[in-house]
Amino acid sequence: MRIGIVLGHAVLAAFVLSSCGSDSTGSSVSSSSTPGTLLENPPARLASLSATDFGAALSATGSGAQLLSLASAGTGQLKCGVDFYLYHYATTGGAGESIKSSGALMVPTGGSACTGARNIVLYAHGTAMTSGYNLANIADPTNEAYSEAALNAAMYTAGQGYIVVAPNYAGYKDSTLSYHPYLNGGQNGQEMVDALTAARAAISGGNLFTTVSDSGKLFVTGYSEGGYVAMAAQRALQAKGMTVTAGVHMSGPYALEAFGDAILSGNVNIGSTVFVPLATTSYQKAYGDMYTATSDIYESAYASGIDTLLPTGIPYGTLTAGAPGSNLLFSTGKLPELALFSSTTPSVSDMTALGVPSANATQLAALLSVPANPLSASGFGSSNLLKNIVRIQYALDAFNPANMDGLIAGTGVGLAPAPAYPLRKHLAANDQRALWGSTAPTAPMLLCGGHNDPTVFYSVNTSGMMAYWGVAGLAGGAGKPIQSIDVDPSSSSIAGGIATQVATAVAGTYMADLAASATPAKLAADVGATVIGLYPSHFSITASGATPIDAQGVLIGAIAAAAEQVAVGDYTAATQVTSPTQVGTDITTAVVGVYHGDLVPPACTVAAVQYFSNF
Amino acid sequence: MKFTQRLVFAGACAAFACMAGSAVADEATPNTVRLGLYFVSFHPSAPDLSGPYTPPGLNLSMNSVTTPYAAYLRDITPHFTIELAGGVPPNTEAVARGPATLGSVPYNGQLIAKVKWFSPSLLFEYNFCDPSAALRPYVGVGVNYTSFYNREVSAAGEAIVGGPTSVSLSHSMGPAATAGVAYKLPHHFQVMASYSYAQIKSDFVANTSGIVRSTSVNFHPSTWVVGAGYSF
């Protein structure tokens with residue numbers, strides 16, 4: 001009626017306007033599936049921290065304060081601030097799938113030492129259990145990626161003014177791939193190339209990145225799984241004719257066939273119950289022949305759903321919300337924590353039933369029995385992950401004298417002539433010795449690790465690759481392009497390794513302080529001094545304290561911090577620990593438990609920063 | 001004073017304020033056009049911004065605006081009038097409210113975004129006193145329509161959300177109410193003053209390189225108008 005007439009009035013026409021006027025535009029979005037395409041330009045910045053604010057954030061925790069000290073060369077003042085960007089790129093999965101992945105860009109900010117032409121560090125991260133793993137999300141300390149992100153942002157971006165390109169990998173944050181192509185060397189290397197290509201498009205895109213540019217120098221590095229991925233990336237970049245200035249690969253499972261042979265024969269590594277499902281699923285997707293049903297290789301308690309269990313969608317904070325060291329995957333029975341193999345090891349009759357000649361069966365049964373050393377023995381149990389048939393069939397392939405890995409047989413450095421058992425065949429195909437073959441790395445390389453590493457064995461992987469390239473004249477002496485550094489200064493002849501050495505010394509200190517009723521603070525100081533006192537040549541010791549002067553010192557310093565924490569914990573426990581054996585066991589367990597994940601990374605990163613500064 | 005109390009107060013005053021007037025009879029001049037000024041202050045309420053990578057406690061306030069007012073009124077009966085009112089679309093400013101910084105990026109007090117409002121109201125008004133009275137208080141209810149355009153995120157806003165950002169604000173349709181007083185002057189002129197309220201709500205969505213953050217804002221504008229009119 002009246003309203004309609006009034007609303008229809010021509011006067012209103014003057015007020016009508018388009019519902020979309022001009023407004024701020026977002027970034028340009030690409031839906032291209034060409035690998036290496038940057039999918040949003042510019043990418044979103046998730047956080048911006050000045051040098052002072054980043055330093056303050058690190059200082060809030062003990063490990064962060066140590067990291068700040070390392071990154072600032074002891075001054076406490078970082079050189080640059082850090083902007084964290086989350087970017088997305090197109091890449092390819094482990095079975096040729098066209099997919100998207102995400103990654104972090106850590107860009108320096110600040111004065112003239114932080115702007116202009118910047119070196120790029122391409123970083124490959126270690127094994128991650130949660131699909132929400134996100135190196136760009138520095139604002140969330142409960143993210144599984146937090147400590148790795150902080151380490152790289154502090155040491156490289158804030159400390160050196162480098163741009164860090166750190167992919168989250170296919171299968172992780174914002175990735176459209178439903179699994180992670182774990183230890184799939186072809187996919188891993190190519191994805192790093194795609195991630196770098198997209199990152200360079202963002203850096204030179206001119207949008208937000210107006211203060212930095214690409215200097216053209218590229219450093220490739222990574223830790224643990226990332227050491228493997230970074231080495232594969234260096235291979236892929238070289239194959240594409242893309243410049244690599246230098247590589248530092250840290251604690252990686254490079255000699256996969258030899259590593260697998262060692263583990264399957266009984267030398268179980270810490271973390272195996274997480275690594276094995278990731279690798280098995282990866283190879284099942286890539287090759288299709290690992291099993292017909294998961295129950296073919298996994299014990300029935302774990303078989304159902306094991307192929308989609310990892311990486312889990314459960315947030316890391318939730319996963320680890322229980323008691324320190326607890327994990328929902330273990331406590332809810334989805335995975336055994338330690339027991340990879342059955343403690344009822346394959347018997348002679350198990351094998352003769354499969355047609356194995358009884359002489360061989362007897363030999364193999366002995367080989368596959370529970371090892372004497374307690375660390376390996378902890379990988380055996382009654383609620384184990386893998387069926388004995390896997391061990392038997394793998395061992396028949398791996399310990400056939402005609403088909404042994406040279407590094408395992410001790411006769412050479414080469415791969416087995418004809419691995420046939422699917423798991424072994426795929427480990428061999430993805431072994432770095434197969435990826436490189438006789439191609440020499442054209443960029444210099446440093447392999448870093450700690451020789452007591454219980455998670456990724458140093459001797460078979462790092463020493464193995466050094467021996468492999470040594471035969472080609474590329475390693476094994478000063479001046480060679482491929483060098484290695486062992487950040488663990490302990491003698492390899494110490495029984496039980498550095499953990500036992502430290503535990504024995506600290507137990508003595510503990511008992512003395514216990515007898516003297518020392519304060520917890522004094523105990524901590526004494527424990528620290530004891531550990532440092534085992535390897536004083538790696539420190540500059542003054543009245544105000546001990547400062548590491550090299551990568552080994554950083555490792556020892558980290559061991560000291562871990563030992564102090566355990567000792568004080570035992571000392572101040574509701575029921576105070578008074579047995580030196582108990583103290584010793586607690587220290588050993590702690591040092592072994594964090595060796596790979598917490599002790600070696602800062603030490604090797606210090607070595608890497610030092611190495612890269614030469615270029 | 002709450003708006004309902006203001007309405008009652010206006011109504012009560014009206015009962016005592018009627019005076020005889022010397023104005024020309026309104027039947028001959030049922031149309032009125034008015035020009036004046038809107039003085040708008042916002043009291044927005046919104047849940048904190050939500051979305052990925054969005055810490056808690058991020059909210060907005062809006063600066064007050066002043067903008068020209070224009071209206072067309074048509075007397076339907078001696079006491080009832082329809083008013084179609086609108087303003088020159090003001091540029092309203094959203095200011096960050098929350099922590100002093102996010103990381104090292106300034107937040108609290110930063111001008112984050114500007115948006116223009118097209119916000120006409122259609123009101124049915126009851127005028128107290130005799131049509132010939134000089135001073136006539138009135139109250140009215142009606143509907144407001146608001147749409148937002150020229151949405152612009154500032155450089156400070158982009159620094160906060162992490163990059164170039166497109167913003168959308170859904171349009172709003174809601175009740176409006178007013179109370180005022182008009183005073184007749186010679187030669188068909190008048191002056192007036194009023195207080196109005198409209199319910200204006202909008203769903204706010206910001207997209208920064210695929211990161212989507214959102215909230216629902218209730219703007220709660222309270223508006224004073226001062227103006228002059230001419231009847232014909």
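This is a short guided tour of a predicted model, to follow in your viewer one selection at a time.

**Before you start**

In this predicted model, local features need pLDDT of at least 70, side-chain atom pairs count only at pLDDT 80 or more, and totals for chains, interfaces and linings use all residues. Residues are numbered from 1 along each chain as its sequence is written, chains are lettered from A and ligands numbered from 1 in the order in which they are written, and side-chain values use heavy atoms, with hydrogens and water left out.

**Stop 1: the sheet in chain A**

Select the strands of chain A. Helices (H or I, at least four residues) and strands (E, at least two) are DSSP runs, numbered from the N terminus. Nine strands make an open sheet with mixed pairing, in the order β3-β4-β5-β7-β6-β8-β9-β12-β13. Two strands count as paired if DSSP finds at least two bridges between them. At the edges you will find β3 (44-49) and β13 (482-486) of chain A, each pairing on one side only. From one strand to the next, the twist averages 25°; axes are lines fitted to C-alpha atoms, for helices over the stretch in contact, and angles run from 0 to 180 degrees between N-to-C directions.

Now add helix α25 (residues 580-612) of chain A, which packs on this sheet and touches β8 (212-223), β9 (246-250), β12 (445-449) and β13 of chain A. Contact here means heavy atoms within 4.5 Å. The direction of α25 makes about 165° with that of β9(A).

Next, zoom in on β5 (residues 98-109) and β7 (residues 163-167) of chain A: they run antiparallel and are joined by four bridges. Which residue of β7(A) is the bridge partner of A:Gly103? Look for A:Pro167.

**Stop 2: a helix in chain A**

Select helix α6 (residues 185-203) of chain A. With 1.5 Å times one less than its number of residues as the expected span, its 19 residues should span 27 Å, and its end C-alpha atoms are indeed 27 Å apart. Because 14 of those 19 residues are buried (under 20% relative accessible area, 1.4 Å probe, protein chains only), α6(A) is largely enclosed by the rest of the structure.

**Stop 3: chain B**

Here, three strands form an open antiparallel sheet in the order β11-β14-β15. Its edge strands are β11 (165-169) and β15 (211-218) of chain B. Five bridges join β11(B) to β14 (residues 201-208) of chain B, and B:Leu169 stands opposite B:Phe204 in β14(B).

Finally, colour chain B by pLDDT, the predictor's confidence in each residue, from 0 to 100. Confidence is lowest in helix α1 (residues 3-17) of chain B, at a mean of 57, and highest in strand β9 (residues 121-127) of chain B, at 97. Where pLDDT is low, the predicted coordinates should not be read in detail.

Note on methods:
Buried means under 20% relative accessible area, exposed over 50%, partly exposed in between (1.4 Å probe, protein chains only).
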